[in-house]
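Hi everyone, thanks for making time this morning. I'd like to walk you through a model, so please get the viewer ready and follow along.

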Amino acid sequence: MMNAENLLKNLRGMLPENQINTNPDDLYDAAADRYKKYAKARKVLDVPSPIAIVYPNSAEEVSRLLVFCNKNQVNVIPRGGKTATEGGLENWKKLTIVIDSENLNQIIKIDEYNMQATVQAGVPLQELEDELRKRGYTTGHSPQSKPVAKLGGLVATRSIGQFSTLYGGIEDMVVGLECVFPDGHISRIKNVSRRAGGPDIRHIAIGNEGTLCYITEVTVKLFRYFPENNKFYGYLLKDIETGISILREVMVNGYRPSVARVYSEEDARQHFYHFYKDKCVLLFMAEGNTSMVNATCNGIEEAVGRFSDGISEQVDSKLIEEWFNHLNWSQKDIDDEVEGMIENDSHAGFTTEISADWETIPKIYHNVINRIRNEYPRAHDLTMLGGHSSHSYINGTNMYFVYNYDIKCNPEDEMRIYHHPLQTIIVEETLILGGSMCHHHGIGKYRNEWTTEEHGSAYYMLEKLKTAFDPNGIMNFGTIFPQEEGTKYQK
Amino acid sequence: MKKSLIYIEQNHFQNSMDLLEVVRQVYDAEEYETYGVSFGASCDEAEGLFDYLIEVPDQRIRSYDVINMTNVLEELQGFYHFDSILFPATQLGRMLAPRTAMRLHVGLVADVTAIRHKNGFVEMVRPAFSGKIMAGIVNRNRVPLMMSVRQNVFSYQGASQKQTEKIKYSPIRIEDRKIELIEVREKEKTRDIRESEILISGGGGTGRYFPKLKHLADELNAQVSASRKTVDSGTAPRSMQVGQSGKTVSTKLYMALGISGSLQHMEGLKNVENIVSVNTNRDAPICSRSDIVVEGDAEEFIERLTDKIKWEKQSRE
Amino acid sequence: MKIMCLVKFTPDVENFIYDYEKNVLVRENVRMILNPDDASALAFALKIKNRRPETSIEIITMAPQSVIPHMEDLLRLKVDKATLISDKLYVGSDTYITSRILGKYLSSVAYDCILTGTGAMDGDTSHVPSQLGELLNICQMSNVVEIEEETFGSESAVIEVDEERNFAKYKICMPAILSLQKVRNYKLPYIKYEDLERNVKDQITIIDNETLGFESNQVGISGSLTQVSGTFVKIMEKKDKRVVRNDSEGINTVYQFLRDKGFV
């Protein structure tokens with residue numbers, strides 16, 4: 001029978017001491033992610049800490065670790081930059097190791113002619129991006145977590161960036177990758193421009209959230225970078241519907257601004273309190289080569305012109321540019337929030353992101369807001385409830401619900417009193433109208449209760465993947481796939 | 001002839017004298033005479049301002065022993081039949097007034113800030129709901145009229161030319177004291193920025209010369225605080241940080257030097273009354289919430305304003 | 001030891017919204033909260049109970065029955081008993097009458113100490129604690145910021161009082177009425193998750209005038225000795241932002257502003 005002591009002994013047999021971390025503080029930190037950030041900061045986590053964090057140096061080491069864990073029923077949590085928000089990194093098993101990509105930190109090749117870059121899973125996106133910018137390129141990927149997140153994690157969680165409307169989500173950027181399965185098999189998906197060789201197997205790894213395989217290497221596309229051409233637009237709107245109509249107009253006419261967003265009044269206050277005048281805010285950024293930027297600008301102006309009745313005024317583009325320059329949060333922001341959570345009964349809030357087609361998004365938005373205002377028993381504690389649409393597609397867009405509240409309960413109860421009931425309302429209202437409950441944060445462990453509903457009859461396919469690749473269920477127990485044993489942490 | 005008694009609190013002498021102005025406004029054109037009562041040490045400074053000064057030199061009554069002070073006021077009311085009794089709304093006055101009012105079975109109005117006359121009644125105006133609402137209150141025909149008066153609102157300008165008659169009063173009923181003062185200590189100058197009335201706050205741009213903020217703070221008897229950027233860079237300690245993840249302050253004046261004012265920062269300023277911001281960018285978010293925006297370099301501003309305050313201080317001396 | 005906690009639920013004044021156009025304070029939909037000074041008093045009582053489990057805490061409030069849910073929430077914090085003094089006849093009572101009503105109840109029960117807040121956010125007269133001190137013939141002290149726990153429960157307690165410029169320490173005979181200030185070290189705990197919905201109905205006693213037996217003309221508006229003759233809102237002006245340069249004229253403007261506001 002495997003126990004903690006045995007497990008450590010075995011790990012020490014496989015890896016040198018400096019690749020195994022058993023520091024209690026680090027293990028506590030590894031027990032949960034940003035979902036339970038407040039309980040974690042207040043040191044009242046209810047989940048077990050993992051036994052160790054290991055740092056393999058190669059795909060082969062990952063393979064040996066997985067084979068061992070698979071044979072001995074040891075739960076494995078794959079980990080990158082630790083910016084997960086939905087419990088994807090939370091631990092629900094006593095016998096768990098975290099496989100951290102820290103040492104898989106090499107940029108293997110930047111291939112300018114073929115416009116692709118190959119990196120190991122643990123390379124921070126910022127590092128790759130900085131390297132590319134020096135040469136006049138960009139990955140086009142810029143999630144808010146860019147300064148912290150790592151490539152392996154971004155791919156594993158189907159991440160999306162702030163410029164997705166032009167460049168797409170990570171699934172549009174990944175050319176090929178290498179990943180390791182629980183039985184130790186290492187698969188390499190080759191880098192080609194396109195192929196019709198059966199189903200696109202990249203999508204088994206992209207977004208698997210560490211439940212099927214461990215990603216060790218990825219190759220992403222490159223884009224030319226023209227920051228000097230950036231153009232900004234901002235408008236104050238009478239309502240959020242107008243904003244969504246304008247976003248749609250721009251998209252269906254074939255334009256691809258890199259940023260296209262509309263904020264509800266409440267959310268606008270968070271970012272634009274100095275000019276929003278209690279109105280919704282619509283903003284765009286056009287990016288790319290000169291002719292593309294000019295065309296995009298024309299498209300934006302044209303669309304705005306068509307809906308001028310719903311626009312109360314245009315905003316100085318300098319204000320939008322300034323906002324754009326302060327977009328990302330860094331490790332310092334995260335650390336600062338933790339300090340704040342220790343000192344005060346508050347944090348920076350929570351978010352839930354969903355998606356649906358154009359006609360459904362405004363309905364979901366209003367249903368959610370009304371239901372929370374009327375049904376949620378702690379609605380009076382809310383200090384903020386609103387949302388924005390920030391990623392648009394030809395057939396629809398997303399809605400990023402944002403909320404915060406005065407935390408009037410003990411830290412260990414915060415999730416079940418506040419965030420979870422709120423998220424439940426958002427997910428339920430989205431699923432009823434046929435939207436997706438998870439536009440880009442992944443399912444993690446706290447939306448797994450709706451995974452079957454999210455996928456409906458297609459859940460069959462997802463489930464088969466799990467039984468095929470991870471028959472012993474050692475990969476990130478509780479993530480994506482609902483588990484009876486985990487419900488005690490959810491309620 | 002109306003008779004009014006004012007409770008003179010030694011530690012708040014000027015505030016007690018200012019109640020003469022309230023009495024003046026209450027009686028308007030009517031004739032009245034004023035009595036002052038003080039416990040403990042005699043108050044010669046009040047001579048000439050009152051018609052009568054009652055001193056209670058009994059060693060057994062400490063000037064914090066509200067029960068025995070109430071006994072004395074009750075006895076005095078029995079002798080003199082005052083038409084009104086006024087208290088400065090100090091810590092002590094606000095405890096003594098309600099006890100006395102209850103003893104005399106009369107109504108009481110607290111923290112009066114204005115006197116008005118309405119249909120032959122004296123209307124006492126006082127703030128309610130943290131000063132967000134003002135209420136006019138009248139007394140229902142019972143004598144004496146009693147009120148406590150907000151400090152530093154009224155100011156008595158009358159000359160000190162009365163022939164004050166001094167009365168030494170010996171109390172009849174004194175109870176055993178149920179309270180004993182152990183020690184008094186002066187409040188230390190607090191290090192907690194939440195307790196400061198004025199904050200001089202430095203943002204990311206002030207890192208290079210952050211210690212200079214103290215010069216201006218000293219002139220204004222203020223404390224120095226900081227934005228997150230300043231704390232992140234290690235220039236200021238976290239205990240100085242204002243904002244959502246730092247401290248929420250409720251100062252009367254917040255001087256924001258080189259702070260752009262993210263919403264997270266502004267969350268910490270929810271209860272601040274006045275904001276002066278100094279910024280090279282007049283469109284910085286915080287400027288939209290400021291009473292005065294100084295467009296320019298904060299380091300220069302500190303020197304100029306410090307010099308100006310010093311100069312004004314000297315020229316007044 | 002039996003502690004009486006005198007509490008009041010007040011509108012959440014901080015969240016009043018001012019309508020600049022109509023010049024009125026928007027008071028609709030403002031939530032009731034436990035008066036912050038009273039919360040500190042109750043927090044201290046709970047702290048004592050935590051240390052000495054045999055302590056019993058009774059909260060008393062005079063209010064309409066609509067405050068019952070708020071009282072229930074306090075009971076869920078290990079408060080033993082809640083007494084609601086409520087009668088239509090009492091509506092509109094001024095502080096003098098309120099003290100008489102509360103005093104009548106308090107003189108009928110046994111206790112070792114009465115804890116309450118110094119001022120209430122709405123009226124803020126601080127009359128009731130002092131007037132109760134008079135009616136019950138015991139000491140009362142306002143603006144208490146600390147009670148030495150070791151001394152609390154003996155014949156006299158040592159307390160620290162905020163006297164504006166100074167802090168003063170007193171030894172005060174018990175029972176007494178100690179009126180606390182809102183202080184950071186006495187912070188009300190939150191209800192435990194398991195207790196959030198706990199049924200505490202049988203711990204609430206409602207006392208009306210049938211028990212207390214006042215004549216109808218002795219209480220309420222007709223019995224009150226003071227009367228509100230009118231309320232008005234201070235005219236508040238929207239701030240006018242002034243932008244000045246960093247030159248001597250600008251500095252003069254700032255200096256003048258500091259002077260007008262009394263900062264220099």
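Let's start with chain B, which is split into domain 1 (2-168) and domain 2 (193-316). Please keep in mind throughout that this is a predicted model. In chain B, the C-alpha centres of domain 1 and domain 2 lie 42 Å apart.

Now bring chain C into view. How many residues of chain B are in contact with chain C? The count is 61 on chain B, and they meet 60 residues of chain C. Strand S11 of chain B, residues 179-186, gives the largest share of chain B's side, with eight residues. If you sort that side by class, you get 30 nonpolar, nine polar and 22 charged residues.

Zoom in on that strand for a moment. S11(B) pairs with strand S11 of chain C, residues 166-173, in the antiparallel sense, and seven bridges connect the two. For a concrete pair to click on, take Glu183(B): its bridge partner in S11(C) is Lys169(C).

On to chain A. The domain assignment here gives domain 1, which is 1-225 + 442-491, and domain 2, which is 227-324. Their C-alpha centres are 35 Å apart. Where the two domains of chain A meet, five residues of domain 1 are in contact with eight residues of domain 2. On the domain 1 side of that meeting place, three residues are nonpolar, two are polar and none is charged.

Next, the inside. As a general reminder, nonpolar side chains in soluble globular proteins tend to be buried together. In this model the largest nonpolar core has 132 residues, and Val155(A) and Ile215(A) are the ones with the most contacts inside it. Which strand supplies the largest share of this core? That would be strand S14 of chain A, residues 280-286, with seven residues. Both domains of chain A take part, since domain 1 (1-225 + 442-491) and domain 2 (227-324) each provide at least three residues of this core.

Let's stay with Ile215(A). Setting aside neighbours within four places in sequence, Ile215(A) is in contact with Ala121(A), Gly152(A), Val155(A), Ala156(A), Leu177(A), Cys179(A) and Ala205(A). Apart from the core around it lies another core, of 110 residues, and among them are Met17(B), Val37(B), Leu6(C) and Leu34(C).

Back in chain A, there is a nice sheet to look at. It is an open sheet of four strands in the order S1-S2-S4-S3, with mixed pairing. The edge strands are S1 (20-21) and S3 (75-79), each pairing on one side only. Further in, strand S2 (residues 52-54) and strand S4 (residues 96-100) of chain A run parallel and are joined by three bridges. One of the residues to pick out is Ile53(A), whose bridge partner in S4(A) is Val98(A). Helix H4 of chain A, residues 59-72, lies across S2, S3 and S4, running at about 165° to S4(A).

One last stop: Asn344(A). You'll find Asn344(A) in the loop between helix H14 (331-343) and strand S16 (350-357) of chain A. Why does Asn344(A) count as partly exposed? Because 15 other C-beta atoms lie within 10 Å of Asn344(A), while a buried residue would need 20 or more and an exposed one would have 12 or fewer. Asn344(A) and Ile407(A) are 63 residues apart in sequence, and their C-alpha atoms are 9.5 Å apart in space.

That's my tour. Thanks for listening, and I'm happy to take questions.

Note on methods. Residues numbered from 1 in each chain as written. Chains lettered and ligands numbered in written order. Predicted model: local features only at pLDDT ≥ 70, side-chain atom pairs only at ≥ 80, totals over all residues. Contact = placed C-beta atoms within 7 Å. Nonpolar A, V, L, I, M, F, W, Y, C, P; charged D, E, K, R; others polar. Pairing = 2+ DSSP bridges. Core = buried A, V, L, I, M, F, W, Y, C linked by C-beta atoms within 7 Å. Domains from an automatic or database assignment. Axes fitted to C-alpha atoms, helices over the stretch in contact; angles between N-to-C directions.
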